[in-house]
Amino acid sequence: MASQEILLQADSCAREMTTSASAWPTKARRKPTKASRRNLLLVLGCASQLLQVVSFVASRQEASSLTFVSPVSRRGLLSAALLPSLGGAAVSLSLSGPAQAEAETSPAKRRNLPASEVAQIVREDLVTRQFLATADFSSEIYDDACVFTDEIDTYTYAKFIKGTKALFVAAESNVRLLGDVEVLEGGKKIQFRFDEDLAFNFPLVHPKVSLSGTCTLTRSEETGLIISYREKWDQSPTQVVFTARL
């Protein structure tokens, strides 16, 4: 696909998103109309297309008039819905602040803890701190080089934290533990099932999507710290997008 055609697609999506966003319900209206719901879904669907265009361009060319910062937040495909204000052919995309920003100072690492104790900490992080929606987890049990992977992409430790905190409204999101946190393979892995309602940090409204899945945490054999976070959803990204509601 020629670069000019890509720009035209991005511009078209951006204009549709801007037009639809203007039709969202105001504070004076207590309940969204059917039309406003359709407009929201249009924004989400168009955002998905726009992200694909952006990703294509970012991976194949160095554009002089475009500055691309690849999505760094968890659930990258869904986070494209944060772009309703885009317009015109010159696009600057940044979803979660400077990519080079350093992670917050972490407490001392707690190495080689019993697997049962790690599972208890993970349980508290999920149930009490809601870490899937807040990124407020106990960093002392994670290696700083831990890799976070979901159904969309793979993220570094710092990008997972910054992106999650920027993308979701913690007070309006809800993460639920299904069953208990399990210890697998003699303590090498920690696993749990979850379902969640995630409220997006839009400027005007906070639409929610719902999903469920399984999260597997792999520990280092040398340090006992978590070195891999793998999140698998029960739904496809497209199915998640179409659970959107106000």
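Here is a short briefing on the fold, the core, one buried serine and the cysteines of this structure. Keep in mind as you read that the model is predicted. The protein has 246 residues, and 46% of them are buried. Its secondary structure consists of 7 helices and 8 strands.

**Overall picture**

- Among contacts with a separation of 6 or more, 66% join residues that sit 24 or more positions apart.
- The protein exposes an accessible surface of about 12200 Å², and carbon and sulfur atoms account for 50% of that area.

**The largest nonpolar core**

- This core holds 38 residues, and the members that touch the most others are Tyr-142, Phe-148, Phe-192, Leu-217 and Tyr-229.
- Helices and strands both feed into this core: α4 (115-127), α5 (131-134) and α6 each give at least two residues, as do β3 (142-149), β5, β6 (189-199), β7 (208-219) and β8 (226-233).
- The top contributor is α4, which supplies 5 residues.

**A closer look at Ser-173**

- You will find Ser-173 in the loop that runs between α6 (157-167) and β5 (174-184).
- Is Ser-173 buried or exposed? Ser-173 counts as buried because its relative accessibility is 9%, and the cut-off for buried is under 20%.
- A polar atom of the Ser-173 side chain lies 2.9 Å from the backbone nitrogen of Ala-199.
- Beyond its neighbours within four places in sequence, Ser-173 is in contact with Gln-130, Ala-133 and Phe-168, and also with Asp-197, Leu-198 and Ala-199.

**Cysteines**

- How many disulfides does a search of the whole structure find? The search returns 0.
- Cys-146 is in no disulfide, and the nearest cysteine sulfur to its own belongs to Cys-215.
- Why is there no bond between Cys-215 and Cys-146? The sulfur of Cys-215 is 9.4 Å from that of Cys-146, so the two are too far apart for a bond; a disulfide needs the sulfur atoms within 2.5 Å.
- Both cysteines can be placed by their accessibility: Cys-146 is buried, with a relative accessible area of 1%, and Cys-215 counts as buried because its relative accessibility is 0%.

Terms used. Residues are numbered from 1 along each chain as its sequence is written. This is a predicted model: local features need pLDDT of at least 70, side-chain atom pairs count only at pLDDT 80 or more; totals for chains, interfaces and linings use all residues. Side-chain values use heavy atoms; hydrogens and water are left out. Helices (H or I, at least four residues) and strands (E, at least two) are DSSP runs, numbered from the N terminus. Buried means under 20% relative accessible area, exposed over 50%, partly exposed in between (1.4 Å probe, protein chains only). Contact means heavy atoms within 4.5 Å. Accessible areas come from the Shrake-Rupley method with a 1.4 Å probe; for residues, only the protein chains shown count as cover. A polar contact is a pair of N or O atoms within 3.5 Å; within protein, one must be able to donate a hydrogen and the other to accept it, and residues adjacent in sequence count only if both atoms are side-chain atoms. A nonpolar core is a set of buried Ala, Val, Leu, Ile, Met, Phe, Trp, Tyr and Cys residues joined through side-chain atoms within 4.5 Å.
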